[in-house]
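Student: Please take a close look at one part of this model, the largest pocket, and then follow the chain outward from there. I would like the criteria stated along the way.

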Amino acid sequence: MKKLMLIAALMLISIGVSAQDNRFAIGGNVGVGVYRNSYTPFGFGPKFQMYFTKQLRGEASFNWWTKKDDLGFWDVNANVHYVFNVGRNINVYPLGGLTVVSTHSLPDGYDNQTMAGLNLGGGLEYFLAPQVKANFEIKYQYAEKEYDFYYDGHKFTEKYRAEGPVFQAGIAYCF
């Protein structure tokens, strides 16, 4: 089984898909998250991409999400994309990565929580010009934390969770 997985990975790496000749990209995203608790915030933030090979790149991004009922949050993401060129100026990519989500309650900060989790999804990008690209991305974000507290001699556990699909569109300058 390990040999089969190694062969499949080598075949994927050897596929001659072409990426643009740029090594870095910097830009921004806007989007909406659709979370399980009916919290559907609008978010925005910067992103930075760096190609490791013609197909493999890393992306670091930060998003600030709007508040609901005096509770807001931000997230930091470190994702890896494997880029496939599917047409003239069009790329698609699966993505996987890590996220750190931090909630903050306003104005007192009483219920602030930070949790780690995973991202899994994919995207499509279109080059508007040789140095400018637009993208649309869908990822499933899952982060969870259990918090133990004691009240009146009894132990209670509360779960905090950021879970659901995130839809984002963005633009970036490549160099």
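Tutor: The answer below begins with the setting, turns to the pocket, and then follows the aromatic rings and a few individual residues.

This is a predicted model, in which local features need pLDDT of at least 70 and side-chain atom pairs count only at pLDDT 80 or more, while totals for chains, interfaces and linings use all residues. Residues are numbered from 1 along each chain as its sequence is written, and side-chain values rest on heavy atoms, with hydrogens and water left out.

The protein has 1 helix and 9 strands (DSSP runs numbered from the N terminus, H or I of at least four residues for a helix, E of at least two for a strand), and from the N terminus on these elements run α-β-β-β-β-β-β-β-β-β. Of the 175 residues, 35% are buried, where buried means under 20% relative accessible area, exposed means over 50%, and partly exposed lies in between, with a 1.4 Å probe and protein chains only. If contact is taken as heavy atoms within 4.5 Å, residues 24 or more positions apart account for 55% of the contacts with a separation of 6 or more.

The largest pocket has a volume of about 380 Å³. A pocket here is an open set of points on a 1 Å grid over the protein atoms alone, where a 1.4 Å probe fits and protein lies on both sides within 12 Å along at least five of seven lines, and a lining residue has an atom within 4 Å of a point. Grid points are joined across faces, edges and corners, and the volume is the space filled by probe spheres set on the points. Among the 18 lining residues, Asn37, Tyr39, Leu71, Thr103 and Arg161 are the closest to the pocket centre. Strands E4 (71-82), E6 (90-105) and E9 (154-174) each supply at least two lining residues, and E9 gives the most, with 5 residues. By class, the lining has 8 nonpolar, 3 polar and 7 charged residues (Ala, Val, Leu, Ile, Met, Phe, Trp, Tyr, Cys and Pro are nonpolar; Asp, Glu, Lys and Arg are charged; the others, Gly among them, are polar).

Aromatic rings form another part of the picture. Rings of Phe, Tyr and Trp (its six-membered ring) pair if their centres lie within 6.5 Å, and the pair is stacked with planes under 30 degrees apart, edge-to-face over 60 and tilted otherwise. By this rule there are 11 aromatic pairs. One of them, between Phe24 and Phe175, is stacked, at 5.7 Å centre to centre and 25° between the planes. Because Phe24 lies in strand E1 (residues 24-33) and Phe175 in the segment after E9, this pair ties together parts that are 151 residues apart in sequence. Phe24, at 27% relative accessibility, is partly exposed, and Phe175, at 43%, is also partly exposed.

Tyr39 brings us back to the pocket, and its ring and that of Phe73 have centres 5.7 Å apart and planes at 65°, so this pair is edge-to-face. The pair links distant parts of the chain, with Tyr39 in the loop between E1 and strand E2 (42-51) and Phe73 in strand E4, 34 residues apart. Tyr39 is buried, with a relative accessible area of 11%, and Phe73 is buried at 5%.

Phe73 in turn leads to Asn63, which sits in strand E3 (residues 56-68) and is buried with a relative accessible area of 0%. Apart from its neighbours within four places in sequence, Asn63 is in contact with Asn29, Phe44, Gly45, Phe73, Trp74, Asp75, Asn77 and Gln168. The C-alpha atoms of Asn63 and Trp74, 11 residues apart along the chain, are separated by 5.5 Å.

Two loop residues complete the account. Asn89 lies in the loop between strand E5 (84-87) and E6, is partly exposed at 28% relative accessibility, and has a phi near 65°, a positive value in a residue other than glycine. Its C-alpha atom is separated by 5.0 Å from that of Phe127, 38 residues apart along the chain. Asp152, in the loop between strand E8 (132-151) and E9, has a positive phi near 55° and is exposed, with a relative accessible area of 66%.
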